[in-house]
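Biologist: Please take a close look at the helix packing in this model. How do the paired helices cross, and what sits where they touch?

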Amino acid sequence: MNIFHGLHASGVAQACALTIGNFDGVHRGHQAMLALLVNEACHRDVPSCVLTFEPHPRDYFASVQRKPDLAPARIGTLRDKLAELARCGVEQTVVLRFNQELAALSAQAFVDDVLLRGLGARYVLVGDDFRFGAKRVGDYAMLDAAGRAQGFDVARMMSYEVHGDRVSSTAVRTALAVGDMPEVERLLGRRYAISGHVVHGRKLGRALGERHAGAQDGFRTLNLRFAHWKPAATGIFVVLVHGLAGMALMGVANLGVRPSLDARDVNGGQVLLEVHCLDWPAQLGPEGGYGKIIRVELLHKLHDEIKYEGLAELTAGIARDCEAARQYFATTYAQTRRQTTRDRI
């Protein structure tokens, strides 16, 4: 998939079949829309294209109004969104910076400057709640009228439901907020995962492990930055790690701001996914994870983040979480895998 930042980037296709949205999480409703888009693009012999925004428009307005509560919790990072769009067969994604200039653009100017002159849209597919232009005055009826007058097709996809429940980013955020990972998987059509480069931390996990007899190599962690201040999921999770040693590694992870650490934390104030692999592959060596891109699947939430009073309590808490994760893999996860194998047979 070709990725472009801005309308005037070199290589943007001169014509396309287009859909527009934030696509946070790329859930099953998004996937159905993208499948339709790819099919329509094929029939028209033009590339399929997604127009998305960074930051999320609601993030922008929350910042302008100084009301952070108005910003939606973020399901996925831009990296993960782009990866899922590519997996759905999209040929081109244009990431448009949402700023004051774009927010002030009238609905008709959005059609003229962005959809037509910027992207050469011949077909535009939107959701049933799509709004556009300054003060969100543009709606499907206005877009359809513009299409008839200016020579491009417009289509609308109604809400996507699974067993009578509407699939939406809001529903995914709600499930993540309470740690209902089976429901998240049902809405996404896949396990919830976060990917990124492994970055350096304070190396505190190694020192903590020395305080715990069974830790061996310490509570070494693989650290990923979550590039948004308000993740939809937070807490301690049982996880699977992909991208190291050619196998899925069992682990336990903290997603959040690490309330037990102080200002000396090199990642202080940033949302971090800290992953401890229960059994570290010897072939990787002690520093073998740094710089690699890994994908972490969050399988089960153990509990919310806890502020421990001192390193001794933190060490004991991590040890308990590791034991709970091992128990999960030995029971619930093992039973799920056996059931999946029987279903395939």
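**Helix packing**

Modeller: The crossing of H5 and H6 is right-handed (the near helix is turned clockwise from the far one by less than a right angle; anticlockwise would be left-handed). This is a predicted model, where local features need pLDDT of at least 70, side-chain atom pairs count only at pLDDT 80 or more, and totals for chains, interfaces and linings use all residues. Residues are numbered from 1 along each chain as its sequence is written, and side-chain values use heavy atoms, without hydrogens or water.

Helix H5 covers residues 107-118 and helix H6 residues 140-150 (helices are DSSP runs, H or I, of at least four residues, numbered from the N terminus). Their axes lie 11 Å apart at an angle of about 55° (axes are lines fitted to C-alpha atoms over the stretch in contact, and angles run from 0 to 180 degrees between N-to-C directions). H5 is therefore oblique to H6 (under 35 degrees is roughly parallel, over 145 roughly antiparallel, 65 to 115 roughly perpendicular, the rest oblique).

On the H5 side, Ala107, Gln108, Val111, Asp112, Leu115 and Leu116 make the contact; H6 supplies Met142, Leu143, Ala146 and Gln150 (contact means heavy atoms within 4.5 Å). By class, this contact has 7 nonpolar, 2 polar and 1 charged residues (Ala, Val, Leu, Ile, Met, Phe, Trp, Tyr, Cys and Pro are nonpolar; Asp, Glu, Lys and Arg charged; the others, Gly among them, polar).

H7 and helix H8 (residues 181-188) pack at about 160°, with axes 8 Å apart, so H7 and H8 are roughly antiparallel. The crossing of H7 and H8 is left-handed. Ala171, Val172, Ala175 and Leu176 of H7 meet Met181, Glu183, Val184, Leu187 and Leu188 of H8. The contact of H7 with H8 has 8 nonpolar, no polar and 1 charged residues.

Note on methods: Helices (H or I, at least four residues) and strands (E, at least two) are DSSP runs, numbered from the N terminus.
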